[in-house]
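Thanks for coming. I have one structure today, and I will go through it from the outside in. Please have the sequence and the view open.

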Amino acid sequence: GCRAGSWNACGHTRWATEKATEVSTTAQQPKGLLLMERKRLMRSVATILALALCLCGGAALKADDESVKKTPEMSFDLKDLDGKSFKSADFKDKYIVLEWTESGCPAVKPLYKAKKVQKLVAEYKAKDVQWFSVCSTKHNTIEGLKKFTKQYGVEHKILADFDGKVGKRFGAKRTPHVFIMKNGKVLYQGAFDNRRSGENYVKKALDELLANKEVSTPRTKPYG
């Protein structure tokens, strides 16, 4: 019999002998059977990989769908220079233009001096488009903006956002920076116009929307 100290050695010897017998038996199997077994294994691996890809793709699509559903609606609730409140919710099914402005900005002044903004406001007011200028600069004041409106003959409402909360929500970074929206959805955002060519991006977008078309250039780079 095996002593306590040599039992493991005997056990390993017996296991090695049995394993050698299995290998010998496997080696004696016909090559055709081995090839069939290998092909079957490869098909199984391919099936598993295909299922994994399908599951990953489905998860990605679901994530995309959820991100679209979670896209927040844009809104505002601000007061004009006389303290009157204006809410985006009050203009359901109407196009709203939000034009971020700054009374001392060298990129804004030429637009107002040439009456480009004022003329566009008047043109689309007749087409039931709501136009608001928004000031999110903390250095501005109510009195300073009132002086600006008198100096340039501004008749549309300027909304005060001196704490910048609405500006941050929309992502307004420059002046002028214009957003066209309807029912909480931003349809155009970017520059007022192209300073080199003179093309007015806001007018183009509004004309397309009022003609029941999609905006051909929904985003441009604002300057200022």
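The accessible surface of the protein chain is about 15100 Å², and carbon and sulfur atoms hold 56% of that area. Keep in mind that this is a predicted model, so the values I quote are computed from predicted coordinates. The chain has 224 residues, and 34% of them are buried.

Next, the fold. There are seven helices and seven strands in the protein chain. In sequence order the pattern reads α-α-β-β-β-α-α-β-α-β-α-β-β-α. On contacts: taking those in the chain with a separation of 6 or more, 70% join residues that are 24 or more positions apart.

Now the sheet. In what order do the seven strands lie in the open sheet? The order is 2-1-5-4-3-6-7, and the pairing is mixed. Which strands stand at the edges? Strand 2, residues 85-87, and strand 7, residues 185-190, do. Each of these two has a single partner strand, so one side of each has no neighbour in the sheet. On average, neighbouring strands here are turned by 35 degrees against each other, with direction ignored.

Staying at the strand 2 edge, its pairing with strand 1, residues 77-80, is antiparallel and runs over three bridges. Within that pair, L78 is opposite F86 of strand 2.

On to helix 4, which spans residues 116-125. Its buried residues are V117, Q118, L120, V121 and Y124. Why do I put them on the same side of the helix? Because the arc they cover around the axis is only 165 degrees. As for what covers these residues, the list includes three helices and two strands that you can pick out in the view: helix 3 (109-113), helix 5 (142-152) and helix 7 (201-210), together with strand 3 (96-100) and strand 4 (130-135).

Last, the cysteines. How many disulfides does the structure hold? Zero. For reference, a disulfide is a covalent bond between the sulfur atoms of two cysteines. Two cysteines are worth pointing out for their burial. C105 has a relative accessible area of 8% and C135 has 0%. The cut-off for buried is under 20%, so both count as buried.

To recap, we have an open sheet of seven strands in mixed pairing, a helix 4 with its buried residues on the same side, and no disulfides. That is what I had.

Definitions and conventions
Residues numbered from 1 in each chain as written. Predicted model: local features only at pLDDT ≥ 70, side-chain atom pairs only at ≥ 80, totals over all residues. Heavy atoms only, no water. Disulfide = S-S within 2.5 Å. Buried < 20%, exposed > 50% of the residue type's maximum accessible area, 1.4 Å probe, protein only. Helix = DSSP H or I, 4+ residues; strand = E, 2+ residues; numbered from the N terminus. Contact = heavy atoms within 4.5 Å. Areas by Shrake-Rupley, 256 points an atom, 1.4 Å probe, with all protein chains shown as cover. Arc of directions from axis to C-beta. Pairing = 2+ DSSP bridges. Axes fitted to C-alpha atoms, helices over the stretch in contact; angles between N-to-C directions.
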